[in-house]
Every structure is written in C-alpha cells, then in structure tokens.
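Visitor: I'd like to understand the reasoning behind the labels on this model. Could you walk me through it?

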Amino acid sequence: MAYLVSVTGSRIPLRRGHRYIVGRGRDADIVVNDPLCSRHHACLDVADGIESLSVDDMDSRNGTYLNGRRILGPSVVPDGGRLRVGRTVYILQLKEDAPLERLEETCTSTFTSDGGVMPAADGGELSTLGALETLRLLATSRRSVTMHVALPDAAARIEIRNGEIMSARHGGISGFNALISLAREQSGIFWLVDANGPCDERNIQESTAHVLFELGRYVGQMTGSRA
C-alpha cells in the first residue's frame with residue numbers, strides 16, 4: 001500500500017485502484033487545511049495491481065508541484081516524490097516500512113519562497129534518521145549542502161560546507177541552540193540542496209566534531225529522560 005507522508009509525520013493510506021481528490025473542500029478525499037489550496041486542487045490515481053501513482057492538477061489556482069516543478073498534465077509520482085499543493089507538502093512512500101539507509105536513495109526537490117525551482121535535492125523523513133544522525137552522515141561524506149527542514153510549526157535551515165556545520169536557524173533560534181531545538185523534533189521532512197558558494201552567515205564557531213559530540217550528549221540525555 002502507498003502512503004502520503006505529511007510534515008507532521010502522519011501517513012495517509014492510498015489503496016490500489018482508487019482515485020483521490022486532494023483539496024480544501026470538505027468533500028475532498030484528502031482534506032488540506034491550506035488557504036492557498038483550491039477546493040478541488042489535484043487528483044491522485046493509484047494503479048490497480050502495481051505500485052504506481054499519478055497526479056494531475058484540477059485547474060487549481062496555484063498549481064500542483066511535483067519535485068519542485070509545476071505539472072502540466074498527468075504525471076507519475078516516484079517513490080520518495082515530493083508533492084506540493086498550495087503550501088502543503090507531502091512525500092510519497094510506496095512501502096510502509098521502506099528503509100532510508102542512504103540519503104541518496106530519496107529524490108526530492110524543493111521550491112524557493114517566490115515559487116522558483118531549486119536544484120534537485122535528496123531528503124526524507126526527519127523521524128527516520130533524526131537530525132543528529134543526518135548531520136553525522138553529511139559530515140562524514142563532507143557534503144556541501146543547505147539542509148532545509150519543514151516542520152509542523154516552523155522551518156529550519158542548516159548550512160554545511162565540506163562537512164563542516166557553518167550555521168543553523170530554527171524558527172527564531174540560531175546557532176547551536178537551533179540544533180538542540182531541532183533535535184527535539186520528532187516529525188518533519190528534510191531536503192538537501194547542493195551549495196556551491198560560501199556560507200553567507202556563520203553562527204557556529206566550534207568544530208563540527210565538537211558540535212556533534214555535544215549534540216549527541218544532549219540527545220542521549222533527552223532519550224534517557226523519556227525512559
């Protein structure tokens with residue numbers, strides 16, 4: 001069974017052979033509480049017999065976006081595909097327990113605040129790896145990326161250059177405190193955009209090894225307190 005995963009971590013099951021209307025209207029199959037979403041915004045068709053899903057826009061006012069690009073007709077949604085209606089984002093998961101062992105295994109994209117398309121990015125569910133483990137992987141692979149995180153009540157952004165964490169912002173919090181705040185989050189969707197230029201702002205001065213050590217100690221204390 002396929003699922004739509006929201007930024008809150010909830011999964012919406014999609015049965016094979018069914019058609020789903022996504023929109024703001026109460027009669028929609030998947031109701032989206034988003035003022036930028038039309039009453040009947042998009043339709044999802046789940047193929048019968050094979051794990052395949054297609055999406056089509058229903059003449060919505062603001063369009064339907066798949067992996068950062070506005071669709072112009074029926075489009076196949078790949079596993080891990082990122083679907084946006086209005087300002088609401090979903091990721092398609094074709095298997096309920098699909099593992100996310102490598103960041104490169106998901107293929108999502110994002111959009112700029114003015115509606116422009118960013119380069120192809122990888123990402124996934126924050127709850128699958130967690131912020132700390134994701135940062136560890138990026139540091140080990142010496143990636144140069146901007147990590148965006150969509151959360152239920154805020155957004156986060158982390159700048160990483162050659163595996164070094166340069167800056168972090170989570171809502172109105174910056175620096176190491178932003179990383180701690182992000183570590184508390186249990187659900188959300190993150191995506192990575194390759195960064196070619198220097199970081200415009202640096203609010204984390206400590207080495208990444210030290211930052212990850214301290215963050216790991218905090219996460220351990222937080223986990224222990226829940227036991």
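Visitor: How many salt bridges does the structure hold?

Guide: This is a predicted model, and the structure holds 8 salt bridges.

Visitor: What makes Asp27 and Arg39 a salt bridge?

Guide: Their closest N and O atoms are 3.8 Å apart. The cut-off is within 4 Å, so the pair qualifies. Asp27 sits in the loop between β3 (19–23) and β4 (30–31), and Arg39 in the loop between β4 and β5 (42–46). The two residues are 12 residues apart, and the pair links distant parts of the chain.

Visitor: Why is Arg39 called partly exposed?

Guide: Its relative accessibility is 46%. Buried means under 20% and exposed means over 50%, so Arg39 falls in between.

Visitor: Why does Glu159 count as buried?

Guide: Glu159 has 8% relative accessibility, and the limit for buried is under 20%, so the label fits. Arg161 is buried too. Arg157, at 42%, is partly exposed.

Visitor: How do you know that Glu159 forms salt bridges with Arg157 and Arg161?

Guide: The N to O distance is 2.9 Å for Glu159 and Arg157, and 3.0 Å for Glu159 and Arg161. Both values are within 4 Å. Salt bridges with shared partners join Arg157, Glu159 and Arg161 into one network.

Visitor: What places Arg84 over the face of Tyr65?

Guide: Arg84 lies 4.1 Å from the ring centre of Tyr65. The distance limit is within 6 Å, and the charge must also be within 35 degrees of the ring normal; Arg84 counts as lying over the face.

Visitor: How many aromatic pairs does a search of the whole structure find?

Guide: The search finds 0 aromatic pairs.

Terms used: Residues numbered from 1 in each chain as written. Predicted model: local features only at pLDDT ≥ 70, side-chain atom pairs only at ≥ 80, totals over all residues. Heavy atoms only, no water. Phe/Tyr/Trp six-rings, centres within 6.5 Å; stacked < 30°, edge-to-face > 60°. Salt bridge = Lys/Arg side-chain N within 4 Å of Asp/Glu carboxyl O. Helix = DSSP H or I, 4+ residues; strand = E, 2+ residues; numbered from the N terminus. Buried < 20%, exposed > 50% of the residue type's maximum accessible area, 1.4 Å probe, protein only.
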